[in-house]
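Trainee: I would like to learn how to read strand pairing. Can we work through an example together?

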Amino acid sequence: MTKLRVIRLGLLTGQPVSMIHEKTAIDLHLHVGNRISITTKHNDKIISVVDTISTLIKPDEIVISGDIAKALGLKNHSIVDIGIANRPHSIDFIKKKLKGE
């Protein structure tokens, strides 16, 4: 797990969306559209789709949507752990179905 400092946006996107610095994404082998788990110090967790940016934030920061901030009760400069989330099992089922298995 990697610890990052929260930068909160007031945007309500309808789904959990986060943005991390491009350097952090490279270090963690993350790509745009990957899913990450964001965990608070109280072990509350949410899965988010990740995007990358190269300006506005430092490599040790994460921008979170208002949806994530509300769900986890996060404020600016809170510290969270992030990690790569496994893809949903439903994707494997859908692929099998499309292959006729």
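Trainee: Which residue in β4 does Ser18 stand opposite?

Mentor: Start with the general idea. Strands of a sheet pair through backbone hydrogen bonds, either parallel or antiparallel. Now the case here, in a predicted model. Ser18 stands opposite Val50 in β4. Further along, Ile20 faces Thr52 of β4.

Trainee: In which sense do β2 and β4 pair, parallel or antiparallel?

Mentor: Parallel. Strand β2 covers residues 17-21 and strand β4 residues 45-53, and five bridges join them.

Trainee: In which sense do β3 and β4 pair?

Mentor: Antiparallel, again over five bridges. Take Ile36 as a marker: Ser48 in β4 stands opposite.

Trainee: How many residues lie between β3 and β4 in their hairpin?

Mentor: Five. Look at Asn43 in the turn: its phi is positive, about 65°.

Trainee: Where do side chains point along a strand?

Mentor: In a regular strand the side chains alternate between the two faces of the sheet. For a single residue, check accessibility and contacts. Try Thr39, in strand β3, residues 35-39.

Trainee: Why does Thr39 count as buried?

Mentor: The cut-off is under 20% relative accessible area. Thr39 counts as buried because its relative accessibility is 7%.

Trainee: Which residues is Thr39 in contact with, leaving aside neighbours within four places in sequence?

Mentor: Met1, Asp44, Lys45, Val80 and Asp81.

Trainee: What do the six strands form, and in what order?

Mentor: A closed barrel, running β1-β5-β2-β4-β3-β6 with mixed pairing. From one strand to the next, the twist averages 45°. Compare the order along the chain: from the N terminus on, the elements run β-β-α-β-β-β-α-β-α. That gives three helices and six strands.

Trainee: What share of the contacts with a separation of 6 or more comes from residues 24 or more positions apart?

Mentor: Such pairs account for 78% of those contacts in the protein.

Trainee: How many of the residues count as buried?

Mentor: Of the 101 residues, 35%. The accessible surface comes to about 6700 Å², and carbon and sulfur atoms hold 56% of that area.

Trainee: What box do the C-alpha atoms fill?

Mentor: Roughly 50 × 25 × 25 Å, taken along the principal axes.

Trainee: How many Å apart are the mean positions of the positive and negative charges?

Mentor: They are 5 Å apart, for 15 positive and 10 negative charges.

Methods: Residues numbered from 1 in each chain as written. Predicted model: local features only at pLDDT ≥ 70, side-chain atom pairs only at ≥ 80, totals over all residues. Heavy atoms only, no water. Helix = DSSP H or I, 4+ residues; strand = E, 2+ residues; numbered from the N terminus. Buried < 20%, exposed > 50% of the residue type's maximum accessible area, 1.4 Å probe, protein only. Contact = heavy atoms within 4.5 Å. Areas by Shrake-Rupley, 256 points an atom, 1.4 Å probe, with all protein chains shown as cover. Lys, Arg positive; Asp, Glu negative; His and termini not counted. Charge placed at Lys NZ, Arg CZ, Asp CG, Glu CD. Pairing = 2+ DSSP bridges. Axes fitted to C-alpha atoms, helices over the stretch in contact; angles between N-to-C directions.
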